Amino acid sequence: MVDFLAENNLCGQAILRIVSRGNAIIAELLRLSDFIPTVFRLKDKIDQQKYGDIICDFSYFKGPEYYEGKLEAKPELQDLDEEFRENNIEILSRFYLAFESVHKYIIDLNRYLDDLYEGVYIQQTLETVLLNEDGKQLLCEALYLYGVMLLVIDQKIEGEVRERMLVSYYRYSAARSSADSNLDDICKLLRSTSYSSQPGAKRPANYPESYFKRVPISTTFISMVIGRLRSDDIYNQVSAYPLPEHRSTALANQAAMLYVCLYFSPSILQTQQAKMREIVDKYFPDNWVISIYMGITVNLVDAWEPYKAAKTALNYTLDSANIKEQATRYAAGMESLKPQVQQLLKEGFLREEIILDNIPKLLNCLRDCNVAIRWLMLHSAESAYDLNNKRLRQIKEQVLNDSKYKPKILFQLLLDTAQFEFTLKEMFKQMLSEKQIKWESYKKEGSERMTELAEVFSGVKPLTRVEKNENLQAWFREISKQIESLNYEDSTAAGRKTVQLIQALIEVQEFHQLESNLQVCQFLADTRKFLHQMIRTINIKEEVLITMEIVGDLSYAWQIIDSFTSIMQESIRVNPSMVTKLRATFLKLASALDLPLLRINQANSADLLSVSQFYSGELVAYVRKVLQIIPESMFTSLAKIIKLQIHDIMEVPTRLDKDKLKDYSQLGARYEVAKLTHDISIFTEGILMMKTTLVGIIKVDPKQLLEDGIRKELVKKVAYALHQGLIFNPKAKIQDWESVHQSTHIPIPKFPSVDESATFIGRLCREILRITDPKSTCYIDQMNTWYDVKTHQEVTNNRLFSEIQSTLGTFGLNGLDRLLCFKIVKELQHFLTMLQRTILKDKAVVEVLKSMLGAVNPVQGIVGNASKVYANAVAKTQKIWGSYLESIMKVGQMQILRQQIANELNYSCKFDSKHLAAALENLNKSLLADIEAHYQDPSLPYPKEDNTLLYDITAYLEAAGIHNPLNKIYITTKRLPYFPIINLLFMVAQLSKLQYTKNQGMSCRKATDPVDWPPLVLGLLTLLKQFHSRYTQQFLALIGQFIRSIMEQCTSQKIPDMPSDVVGALMFFEDYVKYTKLSRKVAEAHVPSFIFDEFRTIL
């Protein structure tokens, strides 16, 4: 019969692929459970108020029109909804694919069972598959993994959160319009069960059996799987645990599978007492806390509470006499095992010959240690007992008291066992690899000894007083041939024959009175020794390693090991060399990866890498967490050293009186510094003792661990110092997993927010914006200084940015610049929304704009009765200019700050890295020249779309301050009606609030109605830059027409002075030319040069 898992066996491959996928799905669910966006939990009031209307549970499906109508009624909700969609669609899609794969898994399993029933696989039925060893294992695993998936989803991703995520995905994706989408079925399967994993939470009725029934599965299949799990040892584990008291440990994995599968047939748990009694007697006679998958623990006392038959059957196990018996047995076992293992670990004790002579004893010791550790770790675990439940509390107290549980002693036994196991495995692997070579060398030595003896008895060899004996000569020759003929491949026959040869050599010594000749005796003794060694060597079998792997399984502790972290860290702090022992424990924990990866590997699945990376990554993160105590301790010692050097140790002057020498020596303090420095070096040595280790598939380099740990501590300390230092008290959404700057190994810590900013950079930025607010300050461009509008006192100047750079460095200043950049984007987006939704929707305003458009056409002409026309239009649109001005000024203010930052960065770059500055400037110029040349002649080269050169060089240029913030396109825009005319009226409305003075330039008339000129001009320039250049041309033409029309009216009315509005408009032209670095001809195209000449006489 073809092997069930052979590649050409379609029946076996189909179920193997399903089981392989099941393990991969669980890994993905566990991975995603760490990335649930907190907003979907709607835990705090802020989230509820902000997102309550856009995040819905399944009640949405009862009336989607009602919910969508609510959104459409409020424009701000639509904006929030769109922003929320952009931020979360990627993670929602990932969650949806995971949920969909769970549904697809059970559909595929049901289809496979239907195919078996209908005879699609020739000569294969459900019964024949269950008769095959591999088939039986895979079918049991298939049902078990489906149950685990459902339990993991409910434990890690709460029901309400699942519903909200599925509804959001439905609303934001194309699934609602897709005909082949099975979203309805997924929603039915994963709707909330009302289960909560919080301690003390009430368990829903009929949970989890009603949840497991949501997709029907063949009852015949379920009963046959449960039957096999009840009666058979499907993984042949009992052979690795020959002692009857270890039987429940041997069958622990099968017991976990049976526990999950019984929920598919709750009638057994509820009413079938005989079956439950049989199950408990076989699997749970001495244990009630089990690990169901990768360390997820379950307490049967709690889990089987609602089921009558199960609860009754478990009562004997939970009898206080039985609990006491088990606890005292394992306590006594620990007492005797601890010195035994420590003896075995003594330097030089475990030698090759001791291992070969005592394999059964060593394996028994390993079994006893692992069984004791398993029982005590599981039955004393905090997570296994809900302390709100009185009965569970009593059981836990009894276990702790009767076993005299001390976590440090248990942890010490775990450490020693892991070290012993690791040493034994390594030595055994070494012996196994050298087995044949050694066996052949012993055979050769023995054969040669016999040949030499044969020659001795020939009488030819000159060996003292040995008479010629042809019979012995022939006999030794024959023995030599017999030894030579031993075959390594046929180990059983070779072993038997070797024993016979040893016996023959003993007999020949006795019968022929060869004892009198010491040299002959020595030769015979050596040969017997070599033959003994051959028997020992032939007994080195791979089965021993396999047994050690089975016995050493630590997958049950995948999660509860975390409760020992503080003990591990404390022991490292006291003795840094403890890291070497911990290495063995981490490697023992890494063996847990075999469980989920076995089937994925057998199926040659592409998921192998991602699943092994996930579990390896989890374990490496835990290793880092434990070893982080070393950098923490180093920094604690450093802090003490700094304190001593600053506060205690006096600086020795260059000239010193002899009698004061003792005062300055301060031997106590200096000894303390030396001791602390020595401690730091001991800590670094400790971590470096841990050799480079392969944890799962990730290589852990101790040097890298130490460096990352130190950097993590440094980041924590610096971030905390800045968090504490940069808190201001004025009187007045990138997610972590998406951020390129956030790291799992060296995370940027999150502190409780003191205002709406997430970090100190945000607070710093808000504070700078507050103190340079155009409403309260006036910016003088020539001085690079901000003055208070009312008191005329200096508020701050460009030295501020030098201070920030000296404090936060180039990266800090560049980060501040980027934050301002994003704030400008947000402000411009807000401005456009306001323009489209309020100004252009206001019929009265649109009418004014239409009539104004008629009045100014053609733009080359002059507007008659200009003062009245402009004044009327401004008066009728007065209500819209407040928010318009605020947005423009904010953008202008941030552009001034960006210019100042760019100047500071460019200055320091030229000063500190002149070669980098020169290289960047030249590269920038040459790139721009090439791009310009390409537009003149498209045959010339140009960076392609997939070439990141322009993107990469921009980051460098911005960091070096070689850019002009005013030339930047911040947002993409569409065509807007009346845009130039709106800006003209806005400008005219502001000119009346401003006046020109020779020492200040343009400044506001009244401190109560402040308008700061530079932010106004730069804000307007930035806004125009976001649109097509023709809008700027039209706007400049309209300003030119305004100047000409007012001047024409003044001339006709014989008013000698140039009106202040015209002065302001001409100043705008002057500044426009200055900031954009364009030719004066741009301004003179719209305003005659004689007006500019007259304007200069005023200046």
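A nonpolar core is a set of buried Ala, Val, Leu, Ile, Met, Phe, Trp, Tyr and Cys residues joined through side-chain atoms within 4.5 Å. The exercises below apply this term and others to a predicted model.

**Exercise 1.** Find which residues touch the most other members of the largest nonpolar core, and which helix gives the largest share of this core.

*Solution.* Begin with the core itself, which holds 214 residues and in which Trp304 and Tyr615 touch the most other members. Next, turn to the helices, where H4 (residues 75-118) provides the largest share of this core with 16 residues. Then take Trp304 and set aside its neighbours within four places in sequence: its contacts include Tyr259, Leu262, Tyr263, Phe284 and Leu314. Finally, note that another core, of 99 residues, lies apart from this one and has Leu840, Ala873, Phe986 and Tyr1031 among its residues.

**Exercise 2.** Describe how the axes of helix H41 (residues 979-991) and helix H43 (residues 1029-1052) cross.

*Solution.* The two axes come within 9 Å, and they cross at roughly 45°. This angle lies outside the ranges for roughly parallel, under 35 degrees, and roughly perpendicular, 65 to 115, and H41 and H43 are therefore oblique to each other. The crossing of H41 past H43 is right-handed. Residues making the contact include Phe979, Leu984 and Met987 of H41, together with Tyr1031, Phe1035 and Phe1042 of H43. Sorted by class, this contact has 12 nonpolar residues, 2 polar ones and no charged ones.

**Exercise 3.** Identify which residues of helix H26 (residues 565-574) are buried, and which helices they pack against.

*Solution.* The buried residues in H26 are Thr565, Ile567, Met568, Gln569, Ser571 and Ile572. These buried residues pack against H21, H27, H29, H30 and H32.

Methods. Residues numbered from 1 in each chain as written. Predicted model: local features only at pLDDT ≥ 70, side-chain atom pairs only at ≥ 80, totals over all residues. Heavy atoms only, no water. Buried < 20%, exposed > 50% of the residue type's maximum accessible area, 1.4 Å probe, protein only. Helix = DSSP H or I, 4+ residues; strand = E, 2+ residues; numbered from the N terminus. Contact = heavy atoms within 4.5 Å. Axes fitted to C-alpha atoms, helices over the stretch in contact; angles between N-to-C directions. Parallel < 35°, antiparallel > 145°, perpendicular 65-115°, else oblique. Left-handed = near helix turned anticlockwise from the far one by under 90°. Nonpolar A, V, L, I, M, F, W, Y, C, P; charged D, E, K, R; others polar.
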